[in-house]
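Grab a pencil and have the viewer open. Below are a few short exercises, each with a solution worked in steps.

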Amino acid sequence: MSRLSQPHLLGIKNITPDDIELIFETADNFKEVINRPIKKVPSLRDVSIANIFFENSTRTRLSFELAQKRLSADVINFSASTSSVKKGETLLDTVNNILAMKVDMIVMRHASVGAPHFLSKHIKANIINAGDGTHEHPTQALLDAYSIREKLKTVKGKKVAIIGDILHSRVALSNIFALKKLGAEVMVCGPPTLLPKFISKLGVKVEWDLQKALAWCDVANVLRIQLERQQIKYFPSLREYSLYYGITKKILDQLKKEIVVMHPGPINRGVELSSDAADSSHAIILDQVENGVAIRMAVMYLLAGATA
Amino acid sequence: MQKKLILDSDLLTVTLDRLCQELIENHPDFENTVIIGLQPRGIFLAEWIHEKLVASLKKDIPLGYLDATFHRDDFRRREIPAKASETKVPFLIEGKKVILIDDVLYTGRTVRAALDAMIAFGRPEKVELLVLIDRKRTRELPIAADYVGNYVNTLDSQRVLVELDSDHKHHKIWLINKD
């Protein structure tokens with residue numbers, strides 16, 4: 001019997017390596033569950049979970065919802081574009097109204113950094129951060145590390161390069177925290193304008209040259225260029241970005257080594273990753289999606305189960 | 001802490017041989033029968049019985065492990081969520097006769113959860129329960145075992161400790177008084 005050190009999952013920064021290991025071990029069990037002929041277990045019967053998404057999402061919301069349904073939780077979905085938020089309601093009021101309907105757990109995505117942390121100080125329900133602005137996306141980092149563990153047996157000692165738009169990426173920050181806690185070596189690679197100025201303070205290597213990064217790493221986690229978050233021009237054109245930082249099958253084949261290619265999705269095919277690279281045997285992108293359901297089941301099971 | 005020995009290695013071997021004979025009596029050729037051990041403590045017993053049956057019948061009998069943690073009815077009623085173990089049922093139990101094996105039958109709640117968990121792998125023709133120790137008059141649900149190694153009269157304040165070891169020489173089953 002074990003429990004997480006926190007009543008919420010706000011970010012990887014707040015949890016311990018033991019927490020991550022417990023989540024992984026529990027996810028192993030749930031991965032077996034979701035490959036059964038009947039994929040549903042009754043664990044979270046009578047637990048109500050609200051998915052509150054103030055920002056768009058396909059994968060994460062579907063993955064959470066499927067995980068909740070496989071655990072037999074009651075689910076309500078809420079997206080900001082169709083709600084009273086448009087009429088000027090505050091975040092706290094919105095959430096308190098949902099909680100008044102006896103909801104036990106909140107899964108929230110918000111464009112503002114720290115929104116779930118703020119919420120956790122004011123309400124009693126368990127909170128899972130499904131992405132807050134450019135800050136953290138903990139379940140994505142967990143499923144990424146879990147997928148590396150599954151593919152390469154362990155995360156410890158592996159070399160992972162995170163490539164692309166590091167500046168605007170919550171996936172990058174959560175991944176750095178998770179991989180460092182599990183003992184991996186981490187490098188970030190991208191054009192200097194898309195790398196945060198003090199990123200090396202987090203104990204990661206910094207590389208501008210894609211070829212050097214690929215030659216160094218066991219795993220390349222490729223990120224999307226987040227044009228929607230870019231207020232100014234960070235590089236001359238997408239075409240130029242693609243020429244310098246786009247990964248193709250040809251580049252991967254020239255490495256003459258085993259390399260694992262990951263992408264949190266959605267992929268911009270032909271920009272950061274070519275179609276033939278995304279569909280190659282190096283890529284474990286769809287395994288990541290499958291593991292996402294198991295990881296989220298594990299997180300919600302562990303949070304909902306710790307009642308005292 | 002007071003301990004009383006209920007079964008030792010020699011007696012346990014006799015008991016298990018008897019249980020295997022009973023199983024063969026009811027399932028003469030094990031043609032359509034599978035064995036499922038309940039995690040975590042029924043596994044070793046299930047493996048041992050399986051080994052004995054395979055040796056005496058000289059045929060392959062499917063063996064699986066079932067973990068019922070996610071089907072328990074005390075989730076969120078205890079402080080910490082129970083930790084799950086591996087489930088490995090590499091066959092469909094649709095239309096099969098299933099023998100569930102666990103070490104101790106106490107309240108019956110684990111068996112109830114296991115019956116629920118088992119249904120995810122199909123609808124069995126028949127389910128039977130084998131336990132090494134049946135604690136009498138402690139049941140909270142209407143569940144009974146079909147094959148019993150030993151009946152033991154116990155109090156709620158007592159605990160049955162099953163210590164099995166892999167070389168089959170130092171098995172001990174204790175009745176313990178909790179302080």
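Helices (H or I, at least four residues) and strands (E, at least two) are DSSP runs, numbered from the N terminus. This is a predicted model, where local features need pLDDT of at least 70 and side-chain atom pairs count only at pLDDT 80 or more, while totals for chains, interfaces and linings use all residues. Residues are numbered from 1 along each chain as written, chains are lettered from A in the order in which they are written, and side-chain values use heavy atoms, leaving out hydrogens and water.

**Exercise 1. Find where B:His27 lies and work out whether it is buried or exposed.**

Step 1: Look in the loop between α1 and β2 of chain B; B:His27 is there.
Step 2: Check the accessible area. B:His27 has a relative accessible area of 4%, so it is buried (under 20%; exposed is over 50%, partly exposed in between, with a 1.4 Å probe and protein chains only).
Step 3: List the neighbours, skipping residues up to four places away in sequence: B:His27 touches B:Thr33, B:Lys97, B:Ile99, B:Glu128 and B:Tyr147 (contact means heavy atoms within 4.5 Å).
Step 4: Pick one of them, B:Lys97. Its C-alpha atom is 9.0 Å from that of B:His27, though the two are 70 residues apart along the chain.

**Exercise 2. Check the span of helix α2 of chain B, then see what its buried residues pack against.**

Step 1: The expected span is 1.5 Å times one less than the number of residues. For the 15 residues of α2(B), 43–57, that gives 21 Å, and the end C-alpha atoms are 21 Å apart, so the two agree.
Step 2: Mark the buried residues, among them B:Ile49, B:His50 and B:Leu53.
Step 3: Those buried residues of α2(B) pack against α1, β2, β3, β4 and β5 of chain B.
Step 4: Just past the helix comes B:Lys58, with a positive phi near 55 degrees.

**Exercise 3. Describe the interface of chain B and chain A.**

Step 1: Count residues: 21 of chain B are in contact with 26 of chain A.
Step 2: Get the area. The chains bury about 2,200 Å² between them, 59% of it on carbon and sulfur atoms (accessible area, 1.4 Å probe, lost on being put together, summed over both).
Step 3: In chain B, B:Phe70, B:Phe75 and B:Arg76 lose the most area to chain A, together 34% of what that side buries.
Step 4: Go back to B:Arg76, whose side chain meets that of A:Asp104 in a salt bridge at 3.6 Å, N to O (a side-chain nitrogen of Lys or Arg within 4 Å of a carboxyl oxygen of Asp or Glu). The count between the chains is 2 salt bridges.

Notes:
Buried area = accessible area lost by both parts, 1.4 Å probe.
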